[in-house]
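Student: Please take a close look at how the helices pack here. Then set that packing against the way the chains are arranged.

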Number of protein chains: 6
Amino acid sequence: MNRNVETFIGCGCAYEQARIVLYGAPFDSTTSFRPGARFGSAAMRHESFGLETYSPYQRADLCDCAVFDSGDLELCFGDAQRALEDIRARAREILADGKLPLLLGGEHLVTLGAVRAAAEKYPDLHIIHFDAHADLRDEYLGAPLSHACVLRRCHDLLGDARIHQFCIRSGDREEWAFAEAGHTDLHPFDFTGLRQVVDGLRAAGTPVYLTVDLDCLDPSAFPGTGTPEAGGVTFLQLLEAVRTVCGARVVGADLTELAPMLDASGVSTAAACKVLRELLLALSAGR
Amino acid sequence: MNRNVETFIGCGCAYEQARIVLYGAPFDSTTSFRPGARFGSAAMRHESFGLETYSPYQRADLCDCAVFDSGDLELCFGDAQRALEDIRARAREILADGKLPLLLGGEHLVTLGAVRAAAEKYPDLHIIHFDAHADLRDEYLGAPLSHACVLRRCHDLLGDARIHQFCIRSGDREEWAFAEAGHTDLHPFDFTGLRQVVDGLRAAGTPVYLTVDLDCLDPSAFPGTGTPEAGGVTFLQLLEAVRTVCGARVVGADLTELAPMLDASGVSTAAACKVLRELLLALSAGR
Amino acid sequence: MNRNVETFIGCGCAYEQARIVLYGAPFDSTTSFRPGARFGSAAMRHESFGLETYSPYQRADLCDCAVFDSGDLELCFGDAQRALEDIRARAREILADGKLPLLLGGEHLVTLGAVRAAAEKYPDLHIIHFDAHADLRDEYLGAPLSHACVLRRCHDLLGDARIHQFCIRSGDREEWAFAEAGHTDLHPFDFTGLRQVVDGLRAAGTPVYLTVDLDCLDPSAFPGTGTPEAGGVTFLQLLEAVRTVCGARVVGADLTELAPMLDASGVSTAAACKVLRELLLALSAGR
Amino acid sequence: MNRNVETFIGCGCAYEQARIVLYGAPFDSTTSFRPGARFGSAAMRHESFGLETYSPYQRADLCDCAVFDSGDLELCFGDAQRALEDIRARAREILADGKLPLLLGGEHLVTLGAVRAAAEKYPDLHIIHFDAHADLRDEYLGAPLSHACVLRRCHDLLGDARIHQFCIRSGDREEWAFAEAGHTDLHPFDFTGLRQVVDGLRAAGTPVYLTVDLDCLDPSAFPGTGTPEAGGVTFLQLLEAVRTVCGARVVGADLTELAPMLDASGVSTAAACKVLRELLLALSAGR
Amino acid sequence: MNRNVETFIGCGCAYEQARIVLYGAPFDSTTSFRPGARFGSAAMRHESFGLETYSPYQRADLCDCAVFDSGDLELCFGDAQRALEDIRARAREILADGKLPLLLGGEHLVTLGAVRAAAEKYPDLHIIHFDAHADLRDEYLGAPLSHACVLRRCHDLLGDARIHQFCIRSGDREEWAFAEAGHTDLHPFDFTGLRQVVDGLRAAGTPVYLTVDLDCLDPSAFPGTGTPEAGGVTFLQLLEAVRTVCGARVVGADLTELAPMLDASGVSTAAACKVLRELLLALSAGR
Amino acid sequence: MNRNVETFIGCGCAYEQARIVLYGAPFDSTTSFRPGARFGSAAMRHESFGLETYSPYQRADLCDCAVFDSGDLELCFGDAQRALEDIRARAREILADGKLPLLLGGEHLVTLGAVRAAAEKYPDLHIIHFDAHADLRDEYLGAPLSHACVLRRCHDLLGDARIHQFCIRSGDREEWAFAEAGHTDLHPFDFTGLRQVVDGLRAAGTPVYLTVDLDCLDPSAFPGTGTPEAGGVTFLQLLEAVRTVCGARVVGADLTELAPMLDASGVSTAAACKVLRELLLALSAGR
């Protein structure tokens, strides 16, 4: 008789054979408005059984990919630096084994742990960032390690013109000024310009980290998130954008900011699962 | 003093004068993921009083149509074959009286009872099927009578090329292969090709059964359903498609898979009511 | 130590310096279907802290505008005439001080109090009305003062061709006939014709009252309202329409029919807050 | 084929044979805090099918009683006086036919309409009142016709020492003083003294109207109400109290203040249904 | 790196060493009123991490017990006989290995599968049954295999005076008559008589199956169940009763009818977890 | 025209005249299970308007007390030490002005900030602690500053036998051993022994800090909290205990762990408001 195992649907590969490794970071301590993103990764696993493994969009089946789901890290609530260290350690281990780490949040701050590990291995790393919010504050309510600062901290690490932001429709005046000063490559509102950015990165063989804050989606498609921002992209636009990015050399990725309790209908979790399926298929096709 | 009567708004015609008869099938025993469709038909009646009987889309009023609402059948939970027999008996009775049976689900399996009755009377019956899911599995978790198999069972009855499927965006590999082998006429994702199909059927005078799984709608418009699938059609696209189909010789119809408890905002039930109003008006205009 | 003050974000101007004054009318006694709009104004203030004061759409910051938030009126439940008198008195006071009154509902009937005050000061007032419902009934369930009659009561006051209605997609047969007889200028379904209307009013220097029933939005974007009507406009279309109207000489405005308890995800309240921010910015730019 | 009828379970008697007549008043326009009691009566009918008709407490079956369910009145929202007139007219009609009117609220103000009709027929009427709130304000937010004033209005009609209040645990200072001055017979917190009161009324053959605001129950047993007050009685205490009162000569009764949307678990509606079953059985046993 | 495992907290023993084996039956197809019990077992595992493994009631720690959690069976929806067969097979396997099977529902019908297995091994089996409902119908809506019939089916198997029912407060007239005729040993409303029954069974060394329908609890303590019945026992009374029963020779047990979606507060799931912890500790102490 | 002020009902005293000062700490970053206590203080203010200021339990009116509500602190999420410093600073300021600081949480960790300030001024401080959980862990998930450790940190500060714990029914084995070793004075399950403890403290004139984790209440009365523990005290028991404690020399107090989003019925917030009213009245009576 077997012990009860819970993984994302279709991710039954053994670690040794896997090319992609899922790991969850159930952390949302710096969320300032409405918490709950800590439950995102577990909800995605649990609800993934309402999803088919076959994608009619890519005509491919998740069962043919080599994905291992290592479950959720056990993180320290209330101490962001410690939590980020644990995330970095896990990402580093996966990268060291030659596999692609795919992080499931959690709030967006968790990305910083994974990016630190990726930038160690790939010093020329670029980031492609889908989000409603610029996340470029230098500090937020006194804290430099906050979901509202995560891309600013990545900029500290990588420097100018290495972060390509899309769908951004919220930020304070200083964040917009920071981006417009050329520190990041910010594309407001939608995915305009994404194909050109990806073409350039692919041509140069640049390693890319893809970070998706799911609130880039319009709240009508994805209400279950801490800070919903009306005026976002559609689900089908996001799927196409994800496939576009996978044309480049993606070395790490994440999906963040699903807060399943905030959407009792379950639609947001189901959408997140489908984005993850499509991302896994597109990453697998490209490797 | 009168006893309390509850019907869908504007459906106050006597049975004898009625041209369309509503009947509900509050059944969801084979629902594998999230149950609740059993409450769909009662919720539609109850919430219909938030709706006007007049449609600015068709410039017509439900009060001018001849519709009788016979309420819900009392079905046996946990025994799908018995439930289907009871549905078939009711549909047969309505058809025998020369009226159009319009079934309110319940889960999608209930359609099979109604289609069996319609196919008895109209051996050359075709089905037009709007759905997110192909529903073409040969069995599901060991059961041949499952919501996931309902169109496959209809295919058993009608044979190849008699089922026209639209908006399909989910299914396992075998279902897609079954459709692509020509057993059904599957149009993925949206209503592309619908007008041509309807034109052909109308020209031939073919009797048509219209089955609408409301999850063909995008979850943003219709979150209250057991298995929401992102990437669906809009409400206005569905209204237009319904009117288009009513250009053919429709002899039976259904709306299924509203699970009202899954959408506490009531938006899904309100949308379902409006689809029903528009369907009743379009069917009435065509008769 | 300061007492606890709660205002809409960024509305910290003193009354004397303010050019726009917010006032709330937490009233929904005539709501016939699903109540809860009484909580709309308080929810908008409370949840506004999830919003930025800076708008990337207008490249402007609410902190640079001169807005005073006077909180909610304390209104009598169950006596509509009294409540409307109190609303009129507050609007009259704001107008007398040369400021623009911006009313936060509450149900749509509250508009009548504000329009009465505005029409006193501006006898040539026109109304621009965004709504899913025509609200042109002469009485509803026996009451002439009902949310379903509010624009009819405004018509009693202003006469023919002074009310410009947009996005209307629901009403009974008599309401549509009333509008089509030329009593109001009704544009069904969307904002078609808005720019021409505004251009005409601007050219003539006509004073305009803008009343926004937020259920003009599609329920996918705004489920939290008493009577959701599928088939509405998108959030971005509404933002553009609001900016368009502010090109005319707007002398009063309102946002109504947010019922926050009906949308537990908070998306509707967040959308309403963003519409208010954009309206305040556009009104400020135009003054 | 029969039209769809919805009555409270087991209330299938014809009007002519009935000894008790149910009538609903879906009204809550004066509710100042959280509305929703308008949905109470319909929810009780709808959810009654989760209940057995047999009571092990009284060893009796509702199917053996003679109860007719006349459904809900269609009342004018926003005009309390009109709504009360319609309720009085219905109660008067039932009383004139020699039957016992049993009113399902709605907010507590609806009781006034029924009490007016009962006091016409029985000038020596007494009221037994179960409630968390004294409801003795002379006016509330300017309105004399408010749920918070309903027993004060009854006092206007009946005079001193005719109203027996139980379970009261909330009221302003003036209300407590009014009761303590002997205008009503107020028993705070629980049912202490009920049996003596009932014994006295029975001995005298005094006609009694029983009004039950279901918020007399502790919120743990009955959370679904507009103004929950911790510290109430248990469900079994209420059942016993209801049976006790039915030892007197009850000529009219009501159950009010179920607001089903406020308790998504359905427990409150289920409890209200069971109180109604037990009340109907006890009234039937006593007649 | 390890695969993600999800078990009830503190149940980390290997199968070979285990004395108690948990197995889940996520089935609710015959639920006639409000479904959702299918999610009970998974919710208990998931939410158990809010619980301590140490019990101050028994001064013992779950970590010291030998419990293996084998996860949920994959059952066929819509075919009750098949589902019961699969449950019986699993229970038989656990019993054959000399361990105690502890079943987590699911609806109450699942008990029948486990009882069939236990009665095979222990022909002199008695059942102790905690429930709000008698569950003694001979058939329900035409089905003999229904949650409303489960104890009647057990009676078919075991015969008269072998089933001891407690807390029963709901049933139709025939069920009460059936019990009162001596077919079962029914104790209404609470646990009166339990100790005597247990003392007798212990003295005789009789094997006992304990089936707990969690709706024996009052809905104030346990709202998250399909058919809540006011007037139940308290949580502490249930804990004591569970410990009392474990004084006898318990050879199998179950907890059923948690429907977690019906109680969004999570209180019901938390209570169920605590009952399970206390049951596991009491069973372990007795072995 | 006045700015919108939001305070707890009846707390309209000026700061200078106040004897009690409310201050809120909307912080829950270390909550490990289900967050949301950050919204507790704001919800209490907002919902307090459903409450009367008069208490029939104490026959006193909040309007006669001298309470100032200073609103919520703006705290840093994700940095517990900084948040505690800000809380300590506010408490110190209130104490320095000779007033009693009454803190509204937030999670239970916030108590540590207030206790640090109180212990500075009153080195002989004792704590009376009502809670379901012992909160005596030395660290939790690696963090010494966690809600699960808050009383242990207080013990670090105050030493043995200065903390009197009541209602405790959850903790790991080490926490129980720590208390049983005499480090704290732990009374399990209920308020047994409270009167004796208070009598002793009053006789000695000892300054007392009262910390109430509202989850000491049974979840049936108070479901809206992060970690509900069945088997708690009733609301009326808590009221009596609060009044008992106020017989001693209370110099500071708090109410924590209301998570209003977890109880959509609003019952938990209403109960918390009533506990606060009774606490304020009892504290005022004693001063």
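Tutor: Copies are superposed by least squares on the C-alpha atoms of residues with pLDDT of at least 70 in both. This is a predicted model. On that basis, chain F falls on chain A after a rotation of 180° with 0.0 Å of shift along its axis, at an RMSD of 0.0 Å. The two copies are thus related as by a two-fold rotation axis. The interface tells a matching story: 100% of the interface residues of chain F are also interface residues in chain A, so the copies meet through the same surface.

Now the helices. In chain D, take α2 (residues 80–96) and α3 (residues 110–121). Their axes lie 7 Å apart and the helices pack at about 40°. Angles under 35 degrees would count as roughly parallel. The angle therefore makes α2(D) oblique to α3(D). Their crossing is right-handed. From α2(D), the contact draws on D:Gln81, D:Leu84, D:Glu85, D:Ile87, D:Arg88, D:Ala91, D:Arg92 and D:Leu95. From α3(D), the contributors include D:Val110, D:Leu112, D:Gly113 and D:Ala114, and also D:Arg116, D:Glu120 and D:Lys121. By class, the contact holds 9 nonpolar, 2 polar and 6 charged residues.

Chain A offers another helix pair. Here α3 (residues 111–121) meets α4 (residues 150–158). The axes come within 10 Å and cross at roughly 15°. That makes α3(A) roughly parallel to α4(A). This crossing, too, is right-handed. On the α3(A) side sit A:Thr111, A:Leu112, A:Val115, A:Arg116 and A:Ala119. On the α4(A) side are A:Val150, A:Arg153, A:Cys154, A:Leu157 and A:Leu158. The contact of α3(A) with α4(A) divides into 7 nonpolar, 1 polar and 2 charged residues.

Back to the chains. Chain B and chain E each put 23 residues into their contact. Together they bury about 1,700 Å², with 60% of it on carbon and sulfur atoms. Three residues stand out on the chain B side: B:Pro35, B:Phe77 and B:Leu141. They supply 29% of the area that chain B buries against chain E, more than any other three residues.

Some pairs do not meet. Chain A and chain D do not touch, and their nearest C-alpha atoms are 12 Å apart. Chain B and chain F also have no contact, with their closest C-alpha atoms 12 Å apart.

Conventions: Residues are numbered from 1 along each chain as its sequence is written. Chains are lettered from A and ligands numbered from 1 in the order in which they are written. This is a predicted model: local features need pLDDT of at least 70, side-chain atom pairs count only at pLDDT 80 or more; totals for chains, interfaces and linings use all residues. Side-chain values use heavy atoms; hydrogens and water are left out. Contact means heavy atoms within 4.5 Å. Axes are lines fitted to C-alpha atoms, for helices over the stretch in contact, and angles run from 0 to 180 degrees between N-to-C directions. Helices (H or I, at least four residues) and strands (E, at least two) are DSSP runs, numbered from the N terminus. Angles under 35 degrees count as roughly parallel, over 145 as roughly antiparallel, 65 to 115 as roughly perpendicular and the rest as oblique. A crossing is left-handed if the near helix is turned anticlockwise from the far one by less than a right angle, and right-handed if clockwise. Ala, Val, Leu, Ile, Met, Phe, Trp, Tyr, Cys and Pro count as nonpolar, Asp, Glu, Lys and Arg as charged, and the others, Gly among them, as polar. Buried area is the accessible area (1.4 Å probe) that two parts lose on being put together, summed over both.
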